[in-house]
Amino acid sequence: MGALPVFRWRLAPDGYATRRQLRAQGLRPGGQDVAAQLERPRRRRGPLVAYLYRVDLAVPVRPMTPARRAALAKANAARRLCPACRRDAGYVIPAALGTCVPCAYPGPNGSDGSIREQC
């Protein structure tokens, strides 16, 4: 395969789309190779690159089955469980912290946020 066609930012011809644009249309690349790329120039750094796929070769997104929905819910629940206190944090635990915020930054009120008796 030869070199990919390169287009300037916002100047790609019709018939090409990024993964996000395909998804917004209910499509996915479907195994096709990258057809072209966009480049957005930046000062003092290399250009931002976005890969484009052909819309005519894209296929519909697979429907969400009950089993896939359950697996996704289980995976998201695991991302909310704090490994230190074993409680559901109510949000996805940041990878930079590795634990829920009260466990990562215990304050004078304790890791659970309750007020402790001071001696």
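Is Glu 39 buried, exposed or partly exposed? Let's start there, and then work outwards. Glu 39 comes out as partly exposed, because its relative accessible area is 26%, and that falls between the 20% and 50% cut-offs. Before I go on, please keep in mind that what you have on screen is a predicted model.

Okay, so where are we in the chain? Glu 39 sits in strand β4. Leaving out residues up to four places away in sequence, Glu 39 touches Val 6, Phe 7, Arg 8 and Trp 9, and also Pro 47, Leu 48 and Val 49. There's one more pairing I'd like you to look at. Glu 39 and Arg 10 are 29 residues apart in sequence, with their C-alpha atoms 9.1 Å apart in space. Hold on to Arg 10, please; we'll come back to that residue.

Let me zoom out for a moment. How many helices and strands does the chain have? There are 3 helices and 6 strands. If you read along the sequence, the order goes β-β-α-β-β-β-β-α-α. The chain has 119 residues, and 16% of them count as buried. The accessible surface comes to about 9,300 Å², with carbon and sulfur atoms making up 54% of that. And if you take the contacts with a separation of 6 or more, 47% of them join residues 24 or more positions apart.

Now for some of those residues one by one. Go to the start of the chain and find Pro 5, in the segment before β1, which covers 6-8. Pro 5 is partly exposed, since its relative accessible area is 36%. Setting aside residues up to four places away in sequence, its contacts are Ala 35, Ala 36 and Gln 37. If you look at Ala 36 and Gln 37, you're already in strand β4, which spans residues 36-42. Pro 5 also has a distance worth showing: its C-alpha is 9.8 Å from that of Leu 52, and the two are 47 residues apart in sequence.

Leu 52 turns up again with our next residue, Thr 18. Where is Thr 18? You'll find it in the loop between β2, residues 16-17, and α1, residues 19-24. Thr 18 counts as buried because its relative accessibility is 18%, and the cut-off for buried is under 20%. Apart from neighbours within four places in sequence, Thr 18 is in contact with Ala 50, Tyr 51 and Leu 52.

Right, back to Arg 10, as promised. Arg 10 lies in the loop between β1 and β2. With 75% relative accessibility, it counts as exposed. Have a look at the backbone there, too: Arg 10 has a positive phi of about 70°, and it is not a glycine. As a general point, most residues other than glycine have a negative phi.

Arg 44 also has a positive phi, near 65°, and this residue isn't glycine either. Arg 44 is in the loop between β4 and β5, with β5 running over 45-54. How exposed is it? Arg 44 has 83% relative accessibility, so it counts as exposed.

Let's turn to charge. Which residues form the positive surface patch? Arg 10, Arg 40, Arg 42 and Arg 45 do. Arg 10 we've just met in its loop between β1 and β2. Arg 42, on the other hand, is found in strand β4. Its relative accessibility is 33%, so Arg 42 counts as partly exposed.

Last stop, the salt bridges. The structure holds 2 of them. In one, the side chains of Arg 54 and Asp 56 meet at 2.7 Å, N to O. Arg 54 counts as partly exposed, at 33% relative accessibility, while Asp 56 is exposed, with a relative accessible area of 56%. In the other, Asp 88 meets Arg 80 at 3.1 Å, again N to O. Here Asp 88 is exposed, with 52% relative accessible area, and Arg 80 is partly exposed, with 29%.

To wrap up, let's go back to where we began. Glu 39 is in strand β4, with contacts that include Phe 7 and Leu 48. Arg 42 is found in that strand as well, and it belongs to the positive patch along with Arg 10. That's my tour, thanks for listening!

How values were computed. Residues numbered from 1 in each chain as written. Predicted model: local features only at pLDDT ≥ 70, side-chain atom pairs only at ≥ 80, totals over all residues. Heavy atoms only, no water. Patch = residues over 30% accessible without salt bridge, like charges linked within 9 Å, V, L, I, M, F, W, Y side chains within 5 Å. Areas by Shrake-Rupley, 256 points an atom, 1.4 Å probe, with all protein chains shown as cover. Salt bridge = Lys/Arg side-chain N within 4 Å of Asp/Glu carboxyl O. Lys, Arg positive; Asp, Glu negative; His and termini not counted. Charge placed at Lys NZ, Arg CZ, Asp CG, Glu CD. Helix = DSSP H or I, 4+ residues; strand = E, 2+ residues; numbered from the N terminus. Buried < 20%, exposed > 50% of the residue type's maximum accessible area, 1.4 Å probe, protein only. Contact = heavy atoms within 4.5 Å.
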